[in-house]
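Student: I have a structure open and would like to learn how to read it. Where do we begin?

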Amino acid sequence: MSEKKLKSISVFVPEEIVYGSLEKIGFVVQETVTTSSDGKFWKKTLYIKGDEAISVSEELGDYWPKDPIVSIYGLPNTIQQILGDLDAFL
């Protein structure tokens with residue numbers, strides 16, 4: 001068995017072509033997430049085939065740090081405290 005290598009490739013082709021190529025050789029989607037990095041939102045898709053993994057990143061667009069979305073899973077008093085702090089800031 002040959003040794004695996006790490007390689008990043010930047011391409012200017014539609015993501016459907018990349019996805020189609022991966023699926024044609026047997027890779028399947030494991031997970032898709034949206035992340036933010038370098039002032040932009042990215043869609044990252046993880047493909048798996050056996051013990052190989054390929055991550056495809058697609059730039060979705062710019063984001064502005066002043067408009068974050070905050071999701072809270074917590075106790076009501078925690079949520080009220082955070083909302084109170086936000087109201088005081090605005």
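**Reading the sheet and its helix**

Tutor: We begin with the strands. In this predicted model, three strands form an open sheet in the order β1-β2-β3, with antiparallel pairing.

Student: Which strands stand at the edges?

Tutor: β1 and β3 do; each has a single partner strand, so one side of each is left without a neighbour in the sheet. On average, neighbouring strands here are turned by 20° against each other, direction ignored.

Student: What packs on the sheet?

Tutor: Helix α1, residues 15-24, packs on it and touches β1, β2 and β3. The direction of α1 makes about 170° with that of β3.

Student: Now the pairing itself. Over how many bridges do β1 and β2 pair?

Tutor: β1 (residues 28-37) and β2 (residues 40-49) pair over nine bridges, in the antiparallel sense. To follow one bridge, find S36: its partner in β2 is F41.

Student: And how many bridges join β2 and β3?

Tutor: Ten bridges, again antiparallel, with β3 covering residues 52-62. For T45, the bridge partner in β3 is V56. W42 stands opposite E59 in β3.

Student: What should I look for in the hairpins?

Tutor: Look at the residues between the strands and their phi angles. The hairpin of β1 and β2 has two residues between the strands, and D38 takes a positive phi near 55° there. The hairpin of β2 and β3 also has two residues between the strands; in that one, G50 takes a positive phi near 60°.

Student: How do I describe aromatic rings that pair?

Tutor: A pair of aromatic rings is described by the distance of the centres and the angle of the planes. The count here comes to one aromatic pair. The ring centres of Y19 and Y47 are 5.8 Å apart and the planes are at 35°. Stacked needs planes under 30 degrees apart and edge-to-face needs over 60, so this pair is tilted.

Student: Where in the chain are the two residues of the pair?

Tutor: Y19 is in helix α1 and Y47 is in strand β2, 28 residues apart, and the pair links distant parts of the chain.

Student: Are Y19 and Y47 buried or exposed?

Tutor: Both Y19 and Y47 are buried.

Student: How does confidence affect my reading?

Tutor: Where pLDDT is low, the predicted coordinates should not be read in detail. The mean pLDDT of this protein is 80, and 80% of its residues reach 70 or more.

Student: Where is confidence lowest, and where is it highest?

Tutor: Confidence is lowest in helix α2, residues 76-89, at a mean of 78, and highest in β1, at 90.

Terms used:
Residues numbered from 1 in each chain as written. Predicted model: local features only at pLDDT ≥ 70, side-chain atom pairs only at ≥ 80, totals over all residues. Heavy atoms only, no water. Pairing = 2+ DSSP bridges. Helix = DSSP H or I, 4+ residues; strand = E, 2+ residues; numbered from the N terminus. pLDDT = per-residue confidence, 0-100. Axes fitted to C-alpha atoms, helices over the stretch in contact; angles between N-to-C directions. Contact = heavy atoms within 4.5 Å. Phe/Tyr/Trp six-rings, centres within 6.5 Å; stacked < 30°, edge-to-face > 60°. Buried < 20%, exposed > 50% of the residue type's maximum accessible area, 1.4 Å probe, protein only.
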